[in-house]
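Visitor: Could you take me through a close look at the place where the two chains meet?

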Amino acid sequence: MNIYDAIFYLFAVVTGLSAFFVVTTRNIVYAAFFLLFTFFGVAGIYVLLGADFIAIVQLIIYVGGILILLLFGVMLTNKITSVQIKTGTLQIVPAAVGVGLFAGFLIAVLTYTEWKTVDTALPLTTTEFLGVMLLQEYLVVFELLGILLLIALIGAASIARR
Amino acid sequence: MIYDYLFKITGSEIISGVIQSLLPLLFFILPFALFAVWLERKVSAHMQDRLGPMRVGYHGALQTIADIIKLIQKEDIVPKETDKPLFNIAPVLVFAGSYAAFAAIPFSSVFIGSTIDLGLLFIIAVSGLVVAGILMAGWASNNKYSLLGAMRSAAQIISYEIPTILVILSIVMITGTLNLHTLSEMQTAYFWNWMIFGGPGSGLDKIIFIPLMLLAFLIIYLSTLAEVNRTPFDIPEAESELVAGYHTEYSGMKFAMFFLAEYANMFAVSAIVSALFFGGYQSPFGYIGNYIGLQWLVPIEQFFWFTAKGVFFVFVQMWLRWTLPRLRVDQLMAVCWKYLIPLSFVNLIIIGLITVL
C-alpha cells in the first residue's frame with residue numbers, strides 16, 4: 001500500500017461515514033457539521049483524481065460559502081428562538097419505495113453504461129486548460145450563467161427589501 | 001527538496017510525508033507563537049509607555065514558556081450545558097484550518113510543503129475551515145456572547161474574503177500563475193523586481209503598475225487583517241462588548257489552541273502578502289552564498305528573508321492593534337462592501353486593461 005492508497009481510503013471513509021451521519025442524526029446542527037466533513041472528503045477525492053482546481057473550488061464555495069450560510073440559518077432558527085426543527089421520519093412506505101426505485105435506476109445506469117476509459121497520465125496542471133476552455137470555447141454559456149446568477153442576486157435582494 | 005531527501009533516508013513515502021508535514025509545526029509555528037506572544041506583549045507595553053514582562057529571563061524572554069507551563073497545568077473545564085463533542089472538536093478544527101495553510105507557504109526554494117499549482121487559492125480555501133470551527137465553538141459554548149462573537153466573525157471573514165480574492169486575481173493577471181513558488185521565483189534578484197515595485201518586467205507598464213500595486217497591497221493587507229480578526233477589526237472578540245467572543249468558555253489547552261491558531265494565521269496572511277508583493281523568500285540584494293560560492297547557504301538566507309518579512313508584517317499588525325480603536329459592526333461592513341470591494345474591482349479592471357494592451 002503506498003501513500004496514495006492510504007490517503008484515498010482515509011478520505012473515502014471520512015466521506016462515507018460523515019454522509020451517513022448527515023442523514024441519520026437527529027440534531028440538525030450536527031447534520032450541518034457532518035456535511036462539512038463530507039465536503040472536505042469529497043474535495044480530497046477530487047485531488048486524488050487529478051482535479052485539483054475543482055477540489056479547491058469545492059472547498060471555497062461549499063465549505064467557505066454555502067455551509068457557513070447553512071450554519072447561520074440553522075443556528076439562528078434552532079437555538080435562539082428555541083423552536084425544535086423536526087427531523088423525524090414520516091411516510092416510511094412511500095419513501096422506501098421511491099428511494100428503492102431511484103437506487104435501482106442509478107445502479108442500472110452504473111452497470112449498463114459503457115464507460116469510456118482511456119489510460120493517460122494525470123494532468124499536472126488543470127487550471128490553465130480550464131481557463132482557456134471557459135473563456136474561449138464556452139464563453140457564451142459562461143457569461144450567460146454569470147448573468148443568470150446576477151438576476152438571482154438582484155431578485156433575492158429586492159424580495160428581502162419588501 | 002526536503003521530501004526527496006527524507007525519502008532517500010527513510011525509504012517510505014508515508015513516513016517521509018508525515019515527517020515533512022510535521023516540520024512546519026515543530027520548527028516554525030510553535031517557536032514563532034512563543035516569540036510572537038512575547039513580542040505582542042512587549043510591543044503593547046512599549047506603546048503604552050510600560051515595560052511589559054520583565055521578570056522571567058532577559059526582558060521577559062521566557063515569559064511565554066512559563067505561561068504555557070501554567071496553561072498545561074490548568075484544569076480542563078467544560079461547562080455543564082455545552083454541547084460536549086462539538087465543544088471539544090472546535091479548537092482542533094480551527095487549528096487544523098490555520099495549520100493546513102502552511103502546506104503551501106514557500107519558506108525557501110527548497111522547503112515548501114507542496115508546490116501545488118493553486119497554492120494561493122488553496123490557502124484561501126482552507127481558511128474556510130477556520131470559519132466553520134469558530135462557528136462550532138460559538139454554538140457549542142451555549143453562551144450568547146460566544147454565539148454573537150462567532151456570528152460576527154463568520155460574517156466578517158466571508159465578506160473580507162472577496163477583496164482578498166479580487167486582489168489575488170489581479171496579481172494572477174500580471175504573473176499568470178497561482179503557484180507561490182513560481183511567483184517567488186519571478187520576483188528574484190533585486191528588490192525592484194518585487195511586485196510592489198511593478199514586477200519583474202521593464203518599460204512603461206512597470207511604472208504604471210506601481211500605484212496600482214500600492215493600492216492592491218493596501219486592500220489585501222486590510223482585508224487579511226480583518227480575516228485574522230485583529231484590531232481594528234476584532235469585533236468578534238471585542239473585550240468591552242463580548243467578554244472574549246467565541247472563546248469565552250474555553251480554558252487551559254483548548255484556549256491555547258485558539259491562541260496558537262490566531263498567531264499561526266497572522267503569520268500565514270503576512271506570508272501571503274510578502275509572497276505576493278515583497279518577493280516571498282527572495283533577498284532584496286542578492287545572496288551572500290552566491291558571492292562567496294557557498295551554494296548551500298542560499299536556502300538558509302532565503303528562509304531568513306522570508307521569516308524576516310513575515311515577522312515584520314506581523315509586527316505591523318501588532319502596531320495597528322495598539323494604535324487604532326475598534327470599528328463598529330456597521331462600519332466594518334461598510335469598509336468592506338462600500339470601499340474595499342469597489343476599489344479592488346476598479347483596480348482589477350485597470351490592471352486587466354494594461355496587461356491586455
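Guide: Gladly; here is chain A in outline, followed by its contact with chain B. This is a predicted model, in which local features need pLDDT of at least 70 and side-chain atom pairs count only at pLDDT 80 or more, while totals for chains, interfaces and linings use all residues. Residues are numbered from 1 along each chain as its sequence is written, chains are lettered from A in the order in which they are written, and side-chain values use heavy atoms, with hydrogens and water left out.

Chain A has 6 helices and 0 strands, where helices (H or I, at least four residues) and strands (E, at least two) are DSSP runs numbered from the N terminus. Of its 162 residues, 20% are buried, meaning under 20% relative accessible area with a 1.4 Å probe, protein chains only.

Now to the contact itself (heavy atoms within 4.5 Å): chain A brings 26 residues and chain B brings 25. Between chain A and chain B, about 2500 Å² is buried, and carbon and sulfur atoms give 82% of that area; buried area is the accessible area (1.4 Å probe) that two parts lose on being put together, summed over both. On the side of chain A that touches chain B, the elements giving two or more residues are helix H2 (28–48) and helix H3 (52–80) of chain A. H3(A) gives the most, with 14 residues. By type, that side of chain A divides into 19 nonpolar, 5 polar and 2 charged residues; Ala, Val, Leu, Ile, Met, Phe, Trp, Tyr, Cys and Pro count as nonpolar, Asp, Glu, Lys and Arg as charged, and the others, Gly among them, as polar. As for salt bridges (a side-chain nitrogen of Lys or Arg within 4 Å of a carboxyl oxygen of Asp or Glu), the count between chain A and chain B is 0.

Notes
Buried means under 20% relative accessible area, exposed over 50%, partly exposed in between (1.4 Å probe, protein chains only).
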